[in-house]
Amino acid sequence: MGRMGRPLLNRRLAEFGTTIFAEMSALAASTGSINLGQGFPDTDGPAEVREAAVRALREGRGNQYPPGLGIPELRTAIAEHQLRRYGLEFDPDREVLATAGATEAIAASLLALLEPGDEVIALEPYYDSYAACIAMAGGRRVPVTLRPDRATASYRLDLDELRAAVTDRTRLILLNTPHNPTGTVLTRAELAAIAELACERDLLVVTDEVYEHLVYDGAEHLPLATFPGMRDRTVTIGSAGKTFSFTGWKVGWVTGTAELVTAVRSAKQFLTYVASGPFQYAVAEALRLPDAYFTAFRDDLRDKRDLLSAGLADAGFTVFRPTGTYFVTADIRPLGESDGLSFCRALPERAGVVAIPNAVFYDHREAGAPYVRFAFCKRIEVLADAAERLRKAFAH
Ligand SMILES: *Cc1c(COP(=O)(O)O)cnc(C)c1O
């Protein structure tokens, strides 16, 4: 309590006290457990990219404030990447903005594009910063729940539910594909339907595509901006943290029309103004790595997915097979459990492994209650150890 008994934390943020990641990472440390909670790689990205950052630092490139939009080399590399991969053309001087990670890109987009009271549709379970950023912008979140589908062992979007969620107050859809935490990659048909809806109801879309390079089993990442009518109403977000395994560098970006990028920049300039100077030079080089890098990165994560998924299945979990991201969601009910939160709190003692309860990513907590998320962006031997521990603890 502060003066006159008023709580210190304002009403907009009161519901977001501390994140589950802090609690679970502390548990991992105090119990010596393998931490498959928070999603960060336990090895660095390519050595040549790291050395590019060292070179930039030594040569005094980026040690002072970089330009507000990001250094031209990075913006050009981002534009080239979008063109080469997806056939999307962006003017690096007007339609590309470097940000302090995707996190800032999300925050700046919402702060720029929302008026208080605007409704934002977000796919539930959602990435944890979405709810807080919508709240900080004074928006109202309207979750549309991805439903577990046993037949395909994946989560699917109910397009009727999405359509029904749009009202006259809806300003934008906040999309995430490939989707964290479910590992779902939205299909061409789903994205086409979302695009049609956005055009019909005149909605903006902010699309978080930080896992664009992590898609498996022949699934394809299709940027929403490539769909008819969408280039003019879509803010697309990417991140070097996820694509090059340098999550501490906080280099992210936004692409969109000059009008959208200018709006996002208006908010961004008063958040960090600029960030990560020398790392921007390194990421400019990283984006130009040959296709072999991206293929090897994806194949490595696919093998890790398979290793951990097999361990979870052997231990008795029902596993939802992720076709994207580096997370796997598992159902704990076959183990005779139903509450993911208490399961995750006990898991370090029981098995020496840390996971995250999916319920924290839901407004409808009951819809996520029996599901837990494991990160598989860890070294093979770490995952093998975790799989073994889970088998020992649960398999009969
Ligand atoms: C990790 C993550 C982010 C944040 O990316 P940074 O570049 O580290 O800020 C945003 N969205 C999703 C879905 C993520 O998993």
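This is a walk through a predicted model, from the ligand and its surroundings to two of the helices. Local features are reported at pLDDT of at least 70 and side-chain atom pairs only at pLDDT 80 or more, while totals for chains, interfaces and linings use all residues. Residues are numbered from 1 along each chain as its sequence is written, and side-chain values use heavy atoms, with hydrogens and water left out.

Let's start at the ligand. It is surrounded by 13 residues, the closest being T103, D208, Y211, S239 and K242; a residue belongs here if one of its heavy atoms lies within 4 Å of the ligand. By class, this shell holds five nonpolar, five polar and three charged residues. Here Ala, Val, Leu, Ile, Met, Phe, Trp, Tyr, Cys and Pro count as nonpolar, Asp, Glu, Lys and Arg as charged, and the others, Gly among them, as polar. The most generous contributor is helix α4 (residues 101-113), which gives four residues to the shell. Helices (H or I, at least four residues) and strands (E, at least two) are DSSP runs, numbered from the N terminus.

Now look at individual atoms. In the side chain of D208, an N or O atom is 2.5 Å from a nitrogen atom of the ligand. Polar side-chain atoms also lie by ligand oxygen atoms: the one from S239 at 2.6 Å, and the one from N180 at 3.0 Å. Of the 390 Å² of accessible area that the ligand has on its own, the protein covers 94% (Shrake-Rupley method, 1.4 Å probe).

Next comes helix α3 (residues 72-86). Its 15 residues should span 21 Å at 1.5 Å a residue, and its end C-alpha atoms are indeed 21 Å apart; the expected span is 1.5 Å times one less than the number of residues. Its buried residues (under 20% relative accessible area, 1.4 Å probe, protein chains only) include L74, I78 and Y86. They pack against β2 (96-99), β9 (234-239), β10 (252-255) and α10 (277-286).

Q82 is a good residue to pause on in α3. Its relative accessibility is 2%, so Q82 counts as buried. Beyond neighbours within four places in sequence, Q82 is in contact (heavy atoms within 4.5 Å) with G87, L88, F90, E212, T236 and T255. G87 itself, just after α3, takes a positive phi of about 70°.

Finally, turn to helix α5 (residues 128-136). It is largely enclosed by the rest of the structure, because seven of its nine residues are buried. Among the elements covering them are α4, β3 (119-124) and β8 (204-208). Just after α5, G138 has a positive phi of about 80°.

Terms used: Polar contact = N/O pair within 3.5 Å; in protein donor to acceptor, adjacent residues only side chain to side chain. Buried < 20%, exposed > 50% of the residue type's maximum accessible area, 1.4 Å probe, protein only.
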